[in-house]
Amino acid sequence: MKIYIVIGFLFCSLFSYSQEVKAEKLWTLEECIAYAKEKSITVKSVALTLESAQVNYEKSKSMRLPNLMGSVSQNFSSGNTVDPITSSYVSQQINSTSLILTSSVTLFQGNQLNNQIKQNELLVQQNSLYVEEAKNNVALSITESYLQALYSKEGIGIAQNNLTSSEKEVVRSKARLDAGSIAMKDYTDAVSQAATNKYILVSAKNNYAQQLIVLKQLLELTPEDSFDIADFETQNSLLTTIPNKLVVYNQAINNLPEIKAATLSKAVSEKGLDIAKGAYLPTLSLSGSLGSGYTSIQDANFTDQMNLNFNQRVGLSLSIPIFNRNQTKGQVELAKINIEKADIESQTVRKELYAKIETSWQNATASVEQLEASKMATDAASESYKLAQKRYELNDLSTTDLIVSQNMFTNAQQNYIQAKYLNILYFQLLQFYQGNEIKL
């Protein structure tokens, strides 16, 4: 009875395991992008910079508040000294205790505090845009790697079909060789082609595996995680109509976070100039303190002396800058330079963006024509290969000529799938620059 129970348990375990294997998750492009945006180390690093900017913003707002400091001191002195509580000059041993509570607040500092708060707020906004830019970069990297993996995966199918055809040709050639209808060279050519196609198949599988590794790294998956990608209907994602590149560029200017971040860089630098100029103005501060103490030279007890010696102080201080060795002047000049640099940076970002869009647009235009040409070439090469196979079966074509026809068909297929996935890639890039979601 126990044996049957064990066998049943093992059967259920194996059935459960087989179900898990069959149900292995196939990742779509959309799932990869969403997962990578959440798990990417690059995105997390930029997000930490955003958190730091938020902390600095809160710190700068708190600078408007008064501070509060408390201190307690216990002193023992002998000989000629000044009593720290009564300020009397005495010549005896003194045991004293002092308690002080102080506070100060800056009332005016050349408007530097307000400008610093505004600058830090702009930096928070800018770093938020940097997070979005990092997510976009991850999405583009995922898209490129995913399509490259699909290209490699489809290449496996082509290589497998070629190998299957070559192995059939080897069988036919062996039969003909045994029948004396072909020479040994024709047979060895067929064997050589089958071996070559097997090598190509192994290489294709390896290329696909390498692309999956790249994707796993972008997704921050561990080596233990199983991973494979889902197929999709490529026809729906092909680009047939090219949008106007100037329209794409204008939409990108309004949508992409790196453009907005570059614009904010100038605003941040302008606030830096206001902060630097504030050092020319005086600083007005309000301070106050509460204190009391105990000294051994007085006859009253500790509690009575705390009440007797209790004191309060309130004061205003005005600091007027007269000459600080041209430090403020230098900071102002540096701030002006930073504004010019931010302006140049903004122009550079726009220029680089236009170059990317121009390149994508040109490649998209070329890919449409290449796709049409490669499709015609593939159809023609397919018909030629079918005719060559029929002639080979009728012993009207040499093995060498059949291999040449097969290789031409293979090259045409490779050119077609390459043009197809490049077309999809550039279509997705143009969609992205227009502010649309990347989606297959």
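1. Let me start with Y146. Setting aside neighbours within four places in sequence, Y146 is in contact with W27, T28, L29, C32, L215, I229, A230 and L440. Keep in mind while reading that this is a predicted model. Y146 also turns up among the residues that touch the most other members of the largest nonpolar core, along with I142, L219, F227, I229, L353 and Y433.

2. On that core as a whole: it has 63 residues. The elements that give two or more residues to it are α2 (29-39), α3 (41-62), α4 (112-179), α5 (184-218), α6, α7 (257-278), α9 and α10 (399-433). The biggest giver is α4, with 15 residues. There is also a second, separate core, this one of eight residues, and A381, Y392, L397 and F409 are among them.

3. Staying with Y392 for a moment, have a look at what lies above its ring. The charged end of R176 sits there, 4.5 Å from the ring centre. So Y392 is worth viewing from two sides, as a member of the second core and as the ring under R176.

4. Now the aromatics. I count seven aromatic pairs in the structure. Take W27 and Y35: the ring centres are 5.2 Å apart and the planes stand at 85°, and because an angle over 60 degrees counts as edge-to-face, that is the label for this pair. The two partners differ in cover: W27 counts as buried, at 10% relative accessibility, while Y35, at 25%, counts as partly exposed.

5. W27 has further company. Together with Y35 and F227, W27 forms one aromatic cluster. K25 lies over the face of W27, 5.4 Å from the ring centre. W27 is also one of the contacts of Y146 from my opening point, and F227 is on the list of best-connected members of the largest core.

6. A pair I'd single out is Y249 with Y354. What is its geometry? Edge-to-face, with 5.2 Å centre to centre and 90° between the planes. Y249 lies in helix α6 (residues 245-255) and Y354 in helix α9 (residues 327-393), so this pair ties together parts that are 105 residues apart in sequence. Y249 is buried, at a relative accessible area of 17%, whereas Y354 is partly exposed, at 30%.

7. One polar residue to check is S152. Its place is in helix α4. Buried or exposed? S152 is buried, since its relative accessible area of 9% falls under the 20% cut-off. Leaving out neighbours within four places in sequence, S152 is in contact with A204, N207, Y208 and Q211.

8. Finally, the overall form. The protein chain has ten helices and six strands. Its radius of gyration is 39 Å, well over the 22 Å that the globule rule gives for 440 residues, so the chain is more spread out than a compact globule. Along the principal axes, the C-alpha atoms fill a box of roughly 135 × 75 × 35 Å.

9. A few totals to go with that. Of the 440 residues, 37% count as buried. The chain exposes about 26100 Å², and carbon and sulfur atoms supply 56% of that area. Among contacts with a separation of 6 or more, 80% come from residues 24 or more positions apart.

Terms used: Residues are numbered from 1 along each chain as its sequence is written. This is a predicted model: local features need pLDDT of at least 70, side-chain atom pairs count only at pLDDT 80 or more; totals for chains, interfaces and linings use all residues. Side-chain values use heavy atoms; hydrogens and water are left out. Rings of Phe, Tyr and Trp (its six-membered ring) pair if their centres lie within 6.5 Å; planes under 30 degrees apart count as stacked, over 60 as edge-to-face and the rest as tilted. Buried means under 20% relative accessible area, exposed over 50%, partly exposed in between (1.4 Å probe, protein chains only). Helices (H or I, at least four residues) and strands (E, at least two) are DSSP runs, numbered from the N terminus. A charge sits over a ring if NZ of Lys or CZ of Arg is within 6 Å of the ring centre and within 35 degrees of the ring normal. A nonpolar core is a set of buried Ala, Val, Leu, Ile, Met, Phe, Trp, Tyr and Cys residues joined through side-chain atoms within 4.5 Å. Contact means heavy atoms within 4.5 Å. The radius of gyration is taken over C-alpha atoms; the globule rule is 2.2 Å times the number of residues to the power 0.38. Accessible areas come from the Shrake-Rupley method with a 1.4 Å probe; for residues, only the protein chains shown count as cover.
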